[in-house]
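Here's a quick walk through the fold, strand by strand and then as a whole. Keep the structure open while you read.

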Amino acid sequence: KALNLNGSGRLAAGEGFCAGIFVSTCSAADQTGPSIKLWDSLTAANLVLVEAFTPIAGTYYPLPFPFRTGLFITIAGNVNCTVGWVI
């Protein structure tokens, strides 16, 4: 599956495998830079899958990690990205 998004939210419930993220655009919001963080959770709690990182526009980030509970993404700043995963 793949989903284009620009805000935080749950992508999947249950077990699966994250493939990666393509960041099409991003920019800073106020004084803080953009960031993306992935969770092995149904919410932004518990197990962090990928710690927050600063994305660069036009970049694909391969993130070949399994998740057990679900896949949740936290996006800060102005980020437009496409996340790919397999359930």
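## S3 and its partners

Start at Ser27, whose bridge partner in strand S8 is Asn78. That pair belongs to a longer run: S3 and S8 (residues 78-86) are joined by nine bridges, in the antiparallel sense. Keep in mind that you're looking at a predicted model, so treat the pairings as what the prediction shows.

S3 covers residues 16-27, and it also pairs with strand S6 (residues 59-67). Here the count is seven bridges, again with the strands running antiparallel. If you want a landmark for this pairing, find Val23, which stands opposite Thr59 in S6. So S3 has S8 as one partner and S6 as another.

## The four-stranded open sheet

Which strands make up the open sheet, and in what order? Going across, you meet S2, S7, S4 and S5, with antiparallel pairing. The two edge strands are S2, at residues 9-13, and S5, at residues 47-53; each of them pairs on one side only. From one strand to the next, the twist averages 15°.

Now zoom in on the S5 side of the sheet. Its neighbor S4 spans residues 35-40, and the two pair in the antiparallel sense over four bridges. To find your way there, look for Leu38, whose bridge partner in S5 is Val50.

## The chain as a whole

How many helices and how many strands does the protein chain have? The tally is zero helices and eight strands. Reading along the sequence, you get β-β-β-β-β-β-β-β.

What about contacts along the chain? Take those in the protein chain with a separation of 6 or more: 77% of them are between residues 24 or more positions apart.

## Size and surface

Does the radius of gyration point toward or away from a compact globule? For 87 residues, such a globule would have a radius of gyration near 12 Å, and the protein chain has 12 Å, which agrees. Measured out along the principal axes, the C-alpha atoms fill a box of roughly 35 × 25 × 15 Å.

As for what's tucked away, buried residues make up 38% of the 87 in the protein chain. On the outside, the chain exposes about 4,700 Å², and carbon and sulfur atoms supply 57% of that area.

How values were computed:
Residues numbered from 1 in each chain as written. Predicted model: local features only at pLDDT ≥ 70, side-chain atom pairs only at ≥ 80, totals over all residues. Heavy atoms only, no water. Pairing = 2+ DSSP bridges. Axes fitted to C-alpha atoms, helices over the stretch in contact; angles between N-to-C directions. Rg over C-alpha atoms; globule rule 2.2 N^0.38 Å. Buried < 20%, exposed > 50% of the residue type's maximum accessible area, 1.4 Å probe, protein only. Contact = heavy atoms within 4.5 Å. Areas by Shrake-Rupley, 256 points an atom, 1.4 Å probe, with all protein chains shown as cover.
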